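Here is a brisk tour of one protein model. Keep the sequence and the 3D view open while you read.

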Amino acid sequence: MRPIVLASCLTLFGIASPAHSDEGTIATDRPDFVESSLTVGHHRLQVETSVTWERDGDVEGYATPTLFRYGLGPNWELRLESDGWQRINADGEPRVSGLADVSLGVKHHLAGSGDGGASLAWLLHVDLPSGARALRGHGARPSLRFVAEWDLSESVSAGLMPGVIWDDDGNGNRYAAGIFGAVVGKAWTDRSRSFVELALPQIASSDDGGTSALINIGSAWLLSKDVQLDAVYSHSLNDRAPEHALGAGVSIRF
């Protein structure tokens, strides 16, 4: 049974900004596939959480994805992430519910985006088999991702995120899978922005679960410089991704 996947992103607040968002508006990784290249700022805590629903054939799922980010200096942050509480309903099968696995990670901002260049970062995570037995993954699954963001104009931005994960299929087979995301964002006002994104959470051979692909669209609204609301819709591009998914979230910087 597949874990909840709501692959989507909002990188729009981070492009062409300082390495951290301490002095400006909140820069989020929600709704979270392509990450922001920015860190949260020294000794700042940021919480990004949401409620998601997805449907794939006769399988319906709910989750509460949550990310905690804590800044260490201007260019580093520690990260704790989970899909939170999950419930999966499948016709003819017992309901599955409980806490999802936890992922621990670090982000490092490499370069700003002055003079038309890219704003760059890398993220190193490891997913741990820590959730409820029915939802738990197999072994530690490390991943490495790189993020590049550009300003295309005063209101249009773009981002790319290639990566790789070392995964386990639960049958003793360890394999490397690719990760890729591409996003274009549009700022409508100083407080509202939208995006469209191509997300490939897994790029692998059919023997290793195949490639999953989705398209995501969404928007975010700033309530203040430290609080953001967002909403996102995801639609599968192949039969290895959930057919439909919806999410609504809030992010707060302390």
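The largest nonpolar core in this predicted model has 14 residues. Phe 33, Val 34, Met 161, Ala 177 and Ile 179 have the most contacts inside this core. Strand 10 (156-168), strand 11 (174-187) and strand 12 (192-203) are the elements that give two or more residues to this core. Strand 11 gives the most, with 4 residues.

Take Ile 179 as an example. Beyond its neighbours within four places in sequence, Ile 179 is in contact with Phe 33, Met 161 and Ile 203, among others. Its contacts also include Arg 145, Pro 162, Leu 200 and Pro 201.

**Overall make-up**

The protein has 0 helices and 15 strands. Buried residues make up 50% of its 254 residues. Among contacts between residues at least 6 apart in sequence, 52% join residues at least 24 apart. The exposed surface is about 11,200 Å², and carbon and sulfur atoms supply 61% of it.

**Strand pairing**

Strand 7 (residues 102-111) and strand 8 (residues 119-128) run antiparallel, joined by 9 bridges. Here Gly 105 stands opposite His 125 in strand 8. Strand 8 also pairs with strand 9 (residues 141-151), again antiparallel and with 9 bridges. In that pairing, Leu 120 stands opposite Ala 148 in strand 9.

**Salt bridges**

How many salt bridges does a search of the whole structure find? The search finds 15. Side chains of opposite charge can pair when their charged atoms come close. Three of these pairs are listed below.

| Acid | Base | Closest N and O atoms |
|---|---|---|
| Asp 29 | Arg 79 | 2.7 Å |
| Asp 230 | Arg 30 | 2.8 Å |
| Glu 77 | Arg 79 | 2.7 Å |

Asp 29 forms a salt bridge with Arg 79. This pair links distant parts of the chain: Asp 29 is in the segment before strand 1 (45-56), Arg 79 is in strand 4, and they are 50 residues apart. Both residues are buried.

Asp 230 forms a salt bridge with Arg 30. Asp 230 lies in strand 14 (residues 227-236) and Arg 30 in the segment before strand 1, so the pair ties together parts that are 200 residues apart in sequence. Asp 230 is buried, with a relative accessible area of 3%. Arg 30 is buried too, at 4%.

Glu 77 also forms a salt bridge with Arg 79, and Glu 77 is buried. A network of salt bridges links Asp 29, Glu 35, Glu 48, Arg 69, Glu 77, Arg 79, Lys 107 and Arg 145.

**A buried serine**

Is Ser 251 buried or exposed? Ser 251 is buried, because its relative accessible area is 0% and the cut-off is under 20%. Ser 251 sits in strand 15 (residues 244-253). Leaving aside neighbours within four places in sequence, its contacts include Arg 30, Glu 48 and Asp 226.

**At the surface**

A nonpolar surface patch covers about 840 Å². Among its residues are Leu 45, Phe 68, Trp 76, Leu 78, Ile 252 and Phe 254. Strand 3 (66-72) and strand 4 (76-82) each supply at least two residues of the patch. Leu 78 lies in strand 4. Leu 78 is partly exposed, with a relative accessible area of 42%.

Asn 75 is placed in the loop between strand 3 and strand 4. Asn 75 is partly exposed, at 26% relative accessible area. Asn 75 and Ala 111 are 36 residues apart in sequence and 9.2 Å apart in space, C-alpha to C-alpha.

Key. Residues are numbered from 1 along each chain as its sequence is written. This is a predicted model: local features need pLDDT of at least 70, side-chain atom pairs count only at pLDDT 80 or more; totals for chains, interfaces and linings use all residues. Side-chain values use heavy atoms; hydrogens and water are left out. Two strands pair if DSSP finds at least two bridges between them. Patches are made of residues with over 30% relative accessible area and no salt bridge: like charges are joined within 9 Å, nonpolar side chains (Val, Leu, Ile, Met, Phe, Trp, Tyr) within 5 Å. Accessible areas come from the Shrake-Rupley method with a 1.4 Å probe; for residues, only the protein chains shown count as cover. A salt bridge is a side-chain nitrogen of Lys or Arg within 4 Å of a carboxyl oxygen of Asp or Glu. Buried means under 20% relative accessible area, exposed over 50%, partly exposed in between (1.4 Å probe, protein chains only). A nonpolar core is a set of buried Ala, Val, Leu, Ile, Met, Phe, Trp, Tyr and Cys residues joined through side-chain atoms within 4.5 Å. Contact means heavy atoms within 4.5 Å.
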